[in-house]
Amino acid sequence: MKKKINFKKRPIICLTSYNKFFAEIADQFCDIVLVGDSLGMAYYGDTSTRSVSLNDMIRHAKSVRSGVKKALMVVDMPYGTCKNPLLAKKNALRIIKETKCDAVKLEGGKEIKHIIQYLIKNKINVMGHIGLLPQKVQSKKDYKIKGINSAEKNKILNDLKNIQEAGVFAIVLEAVKNETAKEVMKLSKVPIIGIGASKKCDGQILVLEDMLGMFKKVPKFVKKYSNLRGYIKKAVKEYAKDIKNRKFPTKNNIY
Ligand code: KIV
């Protein structure tokens, strides 16, 4: 049965998560927890999201499901899983059945309107994703901001129109020039969740590991709220030092 998704609250707070423990924390503060295929880069260290398989997404989404109790849980349809309407439906239904997620997210605009329409006709909740499409880029250097000229702006607005007509309940707008993002906001009929888009978006999303400070280099749109990499390094260094100096294990750690 299709769950009715109706966001009245603004701003809509969203984060990604790839496992139960991070999801439990995100769930306390977020309206949407996305199991993103950024998994490939932010968890497995790959150079693009294209390496992520349907099985990878399902494995991680099952873990996230056990940590998400109140937020809406959305799972990305990974690269190659939505090549045509029938394949997209088969894969989306498998994701929903095995992970019990509330919705799936598809990257793309006008060219996938018919696929989105078909999923929605089959009672599958779909979130859209336009602007920069990570599944279209193959290496880190290809991550470039979109909507900087009128051709790109028109393409984004046309993608918006098409996937709105198809019936998405919300749209992720990624790495889009502020002026273009504002135009999107003027024309949007569904909530727009920005990542590197305008402050005026209905909501914001970031990759959790990015905002926790797990990586040295992150896109400009990321604000680091912690220094996870630094804390991990400090802890591992201390652990190694303790072992070297025979300070670990202590009497509290042995049986
Ligand atoms: O894969 C992902 O994590 C995403 C977010 C960046 C929106 O699509």
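**Exercise 1. Strands E7 and E8**

Find the bridge partner of glycine 194 in E8, then place E7 among its neighbours.

*Solution.*
Step 1. Glycine 194 has glutamine 204 as its bridge partner in E8. This is a predicted model.
Step 2. E7 and E8 run in the parallel sense, paired over two bridges.
Step 3. Turn to strand E6 (residues 170-174). E6 and E7 also pair in the parallel sense, over four bridges.
Step 4. One bridge fixes the register: valine 172 has isoleucine 193 as its partner in E7.
Step 5. Follow the chain from E6 to E7. The path goes through helix H7 (residues 178-187), and this β-α-β crossover is right-handed.
Step 6. Check the side chains of E7 (residues 192-195). Ile192 and Gly194 point one way, while Ile193 and Ile195 point the other way. All are buried.

**Exercise 2. Strand E1**

Decide whether strand E1 is largely enclosed or not, and list the strands paired with E1.

*Solution.*
Step 1. Take the cut-off: a residue is buried when its relative accessible area is under 20%.
Step 2. Apply it to E1 (residues 12-16). Four of the five residues are buried, so the strand is largely enclosed by the rest of the structure.
Step 3. Pair E1 with strand E8 (residues 203-206). The sense is parallel, and there are four bridges. Cysteine 14 has isoleucine 205 as its bridge partner in E8.
Step 4. Pair E1 with strand E2 (residues 32-35). The sense is again parallel, over three bridges. Here threonine 16 stands opposite leucine 34.
Step 5. Add the helix. E1, helix H1 (residues 20-29) and E2 form a right-handed β-α-β unit.

**Exercise 3. The ligand shell**

Characterise the surroundings of the ligand: which residues, which polar contacts, how much burial?

*Solution.*
Step 1. List the shell. The ligand is surrounded by Thr16, Leu34, Gly36, Asp37, Ser38, Asp76, Lys105, His129, Val172, Ile195, Ile205 and Val207.
Step 2. Sort the shell by type. Five residues are nonpolar, four are polar and three are charged.
Step 3. Link back to the strands. Thr16 and Leu34 of the shell are the residues that stand opposite each other in E1 and E2. Ile205 is in the shell and is also the bridge partner of cysteine 14.
Step 4. Go through the contacts to ligand oxygen atoms. A polar side-chain atom of serine 38 lies 2.5 Å from one. For lysine 105, a polar side-chain atom lies 2.8 Å from a ligand oxygen. Aspartate 37 uses its backbone: an N or O atom there lies 3.1 Å from an oxygen atom of the ligand.
Step 5. Quantify the cover. Taken alone, the ligand exposes 260 Å², and the protein buries 96% of that.

**Exercise 4. Backbone exceptions**

Locate two cis peptide bonds and two residues other than glycine with a positive phi.

*Solution.*
Step 1. Recall the background. Most residues other than glycine have a negative phi, and most peptide bonds are trans.
Step 2. Scan omega. Arginine 10 and proline 11 are joined by a cis bond, with omega about -10°. Proline 11 sits in the segment before E1.
Step 3. Continue to phenylalanine 248 and proline 249. Their bond is cis, with omega about 0°. Proline 249 lies in the segment after H9.
Step 4. Scan phi. Lysine 123 has a phi near 65°. This lysine 123 lies in the loop between helix H5 (113-121) and E5.
Step 5. Arginine 246 has a phi near 55°. Its place is the segment after H9.
Step 6. Compare exposure with the cut-off of over 50%. Lysine 123 is exposed at 55% relative accessible area. Arginine 246 is exposed at 76%.

**Exercise 5. Two accessibility calls**

Classify glutamine 135 and isoleucine 232 as buried, partly exposed or exposed.

*Solution.*
Step 1. Glutamine 135 lies in the loop between strand E5 (126-131) and helix H6 (150-166).
Step 2. Its relative accessibility is 11%, so glutamine 135 counts as buried.
Step 3. Look for a partner. The side chain of glutamine 135 reaches the backbone oxygen of methionine 77 at 3.0 Å.
Step 4. Isoleucine 232 lies in helix H9 (residues 228-244). At 39% relative accessible area, isoleucine 232 is partly exposed.
Step 5. Add a distance. Isoleucine 232 and methionine 214 are 18 residues apart along the chain, and their C-alpha atoms are separated by 9.0 Å.

Methods: Residues are numbered from 1 along each chain as its sequence is written. This is a predicted model: local features need pLDDT of at least 70, side-chain atom pairs count only at pLDDT 80 or more; totals for chains, interfaces and linings use all residues. Side-chain values use heavy atoms; hydrogens and water are left out. Buried means under 20% relative accessible area, exposed over 50%, partly exposed in between (1.4 Å probe, protein chains only). Two strands pair if DSSP finds at least two bridges between them. A crossover is right-handed if, with the strands pointing away from the viewer, the path from the first strand over the helix to the second runs clockwise. A residue is near a molecule or strand if one of its heavy atoms lies within 4 Å of it. A polar contact is a pair of N or O atoms within 3.5 Å; within protein, one must be able to donate a hydrogen and the other to accept it, and residues adjacent in sequence count only if both atoms are side-chain atoms. Accessible areas come from the Shrake-Rupley method with a 1.4 Å probe; for residues, only the protein chains shown count as cover. Ala, Val, Leu, Ile, Met, Phe, Trp, Tyr, Cys and Pro count as nonpolar, Asp, Glu, Lys and Arg as charged, and the others, Gly among them, as polar.
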